[in-house]
Amino acid sequence: VAYASSSKNTQVSRYIAVQDPALLQAIAAHCPDFNAAIVRGCKTVIAQTFVKHRAGFERDGSYTTDRKDGWQYYDCGIAAQTFCLAAHSMGIGSVIMGVFDRAAIQDLLQVPEQEELMALIAIGHPAQQSIAPKRKDTDVLLSIR
């Protein structure tokens with residue numbers, strides 16, 4: 001995960017590994033049913049946070065691009081996917097979740113004030129091999145000019 005690319009190599013993603021069963025149940029209580037079931041069914045959830053006001057910013061605090069502070073989300077997506085691909089290479093399943101009560105879970109996890117919760121990543125050894133869903137064909141995804 002340390003090798004995930006980021007804006008100006010800012011490396012804003014941080015991770016909190018949650019394994020305490022009581023804390024996992026508390027997190028699940030702040031997720032919609034479809035994500036709560038995933039959280040309750042695993043032994044480890046990784047909370048991905050990011051350092052605020054770093055990615056996409058110049059040293060003087062101005063924005064680097066017209067995307068303003070959106071780069072932190074882009075960088076977190078790259079890092080989360082890199083994390084999941086690394087887990088997959090070790091036979092560990094994962095799912096990135098973004099629908100939850102962010103403020104409540106940040107409080108539960110005591111996320112530092114200079115960071116913000118971005119995603120929850122459930123990880124574990126799958127009970128069975130799953131079949132990947134159908135993917136769009138390349139001609140739908142790629143245009144050549």
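This note sets out five points on a predicted model.

1. Isoleucine 96. This residue belongs to strand β3, which spans residues 93-97. Its relative accessibility is 39%, so isoleucine 96 counts as partly exposed; the class lies between the limits of 20% for buried and 50% for exposed. Leaving aside residues up to four places away in sequence, isoleucine 96 is in contact with Ala80, Gln81, Cys84, Ala119, Leu120 and Ile121. For one of these partners, leucine 120, the C-alpha atom stands 5.9 Å from that of isoleucine 96, although 24 residues separate the two along the chain.

2. The salt bridge. How many salt bridges does the model contain under the rule applied? The count is one. It joins the side chains of arginine 102 and glutamate 116, with an N to O distance of 4.0 Å. Because arginine 102 is part of helix α4 (residues 102-109) and glutamate 116 is part of strand β4 (residues 115-124), the pair ties together parts that are 14 residues apart in sequence. The reader should note that the cut-off for this interaction is 4 Å, against a computed value of 4.0 Å.

3. Exposure of the two partners. Are arginine 102 and glutamate 116 buried or partly exposed? Arginine 102 has a relative accessibility of 35% and therefore counts as partly exposed. Glutamate 116, at 17%, counts as buried, because the buried class takes in values under 20%.

4. Helix α4. Within this helix, Ala104, Ile105, Gln106 and Leu109 are buried. Which elements cover the buried residues of α4? Among them are β1 (13-18), α1 (21-28), β2 (44-51) and β4. Strand β4 thus appears twice in this account, because it also holds glutamate 116, the partner of arginine 102 in α4. After α4 comes glutamine 110, which has a positive phi, near 55 degrees.

5. The largest pocket. Its volume is about 740 Å³. The lining consists of 23 residues, and those nearest the centre are Ile92, Gly93, Ser94, Gly124 and Pro126. Helix α3 (71-89) and strands β3 and β4 each contribute at least two residues to this lining. By residue class, the lining divides into 11 nonpolar, 11 polar and one charged. Strand β3 is also the element that holds isoleucine 96, and β4 is also the element that holds glutamate 116.

Key. Residues are numbered from 1 along each chain as its sequence is written. This is a predicted model: local features need pLDDT of at least 70, side-chain atom pairs count only at pLDDT 80 or more; totals for chains, interfaces and linings use all residues. Side-chain values use heavy atoms; hydrogens and water are left out. Helices (H or I, at least four residues) and strands (E, at least two) are DSSP runs, numbered from the N terminus. Buried means under 20% relative accessible area, exposed over 50%, partly exposed in between (1.4 Å probe, protein chains only). Contact means heavy atoms within 4.5 Å. On a 1 Å grid over the protein atoms alone, a cavity is a set of points where a 1.4 Å probe fits but cannot get out, and a pocket is an open set with protein on both sides within 12 Å along at least five of seven lines; lining residues have an atom within 4 Å of a point. Grid points are joined across faces, edges and corners, and a volume is the space filled by probe spheres set on the points. Ala, Val, Leu, Ile, Met, Phe, Trp, Tyr, Cys and Pro count as nonpolar, Asp, Glu, Lys and Arg as charged, and the others, Gly among them, as polar.
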